[in-house]
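Subject: Structure handover

Hello,

Here is the structure I said I would pass on. Please open it first, then read my notes below.

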Amino acid sequence: MRKRMRNLLSLLLVFVMLLAMMPMAMADDALSRDLTMKGDAYYDAAQGAYVLTGEKTWQAGDVWFDQVQCNGSFRLSLDFYTGNNKINSAGWGGGDGLCVVFYADSNDIGENGLGIGYNGCGGYGVEIDTYSNDFDPAYRHIAITKDSVENHLAIADATSFVLDEKWHHLTIETRSGICTVYVDGNQVLEQSRVSSDGNYHLGITAGTGAGFNYHMIKNIELVIASDWVDNDDIDPVIVPPDFPSDWTQPITR
């Protein structure tokens with residue numbers, strides 16, 4: 001009788017432990033549906049962040065909102081981390097950067113190194129570049145680009161918010177063909193005549209080359225609308241935390 005009771009208690013303990021593990025497994029499964037990860041990207045549950053690249057050379061990691069189609073107005077906000085400015089084992093400080101890509105093609109993983117995971121995807125990018133290449137200014141910069149990291153449409157100094165081992169907040173807003181970029185609440189860039197050429201994907205990419213750093217993002221929120229009027233008198237779609245089966249419908253939590 002005592003042996004049977006011990007066996008029952010053991011089974012009950014295992015059952016309780018399995019129940020305790022279920023919410024974590026469900027949360028990870030929900031996260032895997034929110035964004036499609038490609039290349040070297042992975043989700044770090046301990047930090048609650050997507051790691052686009054680790055501290056390794058020649059990596060490229062992307063996350064894409066593949067369940068969302070957008071060729072009009074949107075507002076994307078997230079926190080980003082670009083590592084530190086210490087000279088790494090490759091003899092470089094910084095490298096290479098991350099990029100928010102929109103009106104793009106997410107079928108392929110972008111180019112690593114100076115391509116920061118963006119080159120090859122097309123569309124527009126808001127790049128945060130932590131290493132200066134021959135076609136770049138001499139300083140670390142943030143830029144609105146078109147089709148390639150080499151094609152800067154608008155550019156500004158990013159020295160104050162990169163490679164400082166801190167998280168910073170990025171907001172990108174397009175409205176009536178104007179793209180405006182804010183970092184930590186301050187406007188840093190604006191570019192007019194920004195429009196889709198038929199592609200409609202949004203994503204966040206990063207790459208390392210001979211130099212490397214962690215590139216991470218978290219607290220991602222995307223609001224999209226076909227026509228954003230001045231008074232915001234619309235019902236936008238907000239993603240994540242969860243995607244609806246019909247992306248044109250608003251989400252409630």
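The side chain of Thr53 has a polar atom 3.0 Å from the backbone oxygen of Asn213. The Thr53 side chain also makes a polar contact of 2.7 Å with the side chain of His215. Bear in mind that this is a predicted model.

Where does Thr53 sit? It belongs to strand E3, residues 49-53. Is Thr53 buried or exposed? Its relative accessibility is 0%, so it counts as buried; the cut-off is under 20%. Leaving out residues up to four places away in sequence, Thr53 touches Gln59, Gly61, Ala206, Gly207, Thr208, Asn213, Tyr214 and His215. Asn213 and His215 are thus on the contact list as well as in the polar pairs above.

One of those neighbours, Gly61, leads to strand E4.

E4 covers residues 60-64, and five of its five residues are buried. Both faces are covered. Ala60, Asp62 and Trp64 are buried on one side. Gly61 and Val63 are buried on the other.

Which strands pair with E4? Strand E1 (residues 36-39) runs antiparallel to E4, joined by four bridges. Here Gly39 has Gly61 as its bridge partner. Strand E13 (residues 201-207) is also antiparallel to E4, with five bridges. Asp62 of E4 is partnered with Thr205 in E13. Ala206 and Gly207, both touched by Thr53, fall within the E13 range of 201-207.

Now the cores. Nonpolar side chains tend to be buried together in soluble globular proteins. The largest nonpolar core here has 41 residues. Phe74, Ile142 and Leu170 have the most contacts inside it. A second core is separate and has eight residues, among them Cys99, Ile116, Tyr118 and Cys121.

Last, the overall picture. The protein has one helix and 15 strands. Of its 253 residues, 47% are buried. The exposed area is about 12800 Å², and carbon and sulfur atoms supply 51% of that. Take the contacts between residues at least 6 apart in sequence: 65% of them join residues at least 24 apart.

If you look at one place, start with Thr53 and its contacts to Asn213 and His215. Then move on to E4 and its two faces.

Best wishes

Methods:
Residues are numbered from 1 along each chain as its sequence is written. This is a predicted model: local features need pLDDT of at least 70, side-chain atom pairs count only at pLDDT 80 or more; totals for chains, interfaces and linings use all residues. Side-chain values use heavy atoms; hydrogens and water are left out. Buried means under 20% relative accessible area, exposed over 50%, partly exposed in between (1.4 Å probe, protein chains only). Contact means heavy atoms within 4.5 Å. Accessible areas come from the Shrake-Rupley method with a 1.4 Å probe; for residues, only the protein chains shown count as cover. Two strands pair if DSSP finds at least two bridges between them. A nonpolar core is a set of buried Ala, Val, Leu, Ile, Met, Phe, Trp, Tyr and Cys residues joined through side-chain atoms within 4.5 Å. A polar contact is a pair of N or O atoms within 3.5 Å; within protein, one must be able to donate a hydrogen and the other to accept it, and residues adjacent in sequence count only if both atoms are side-chain atoms.
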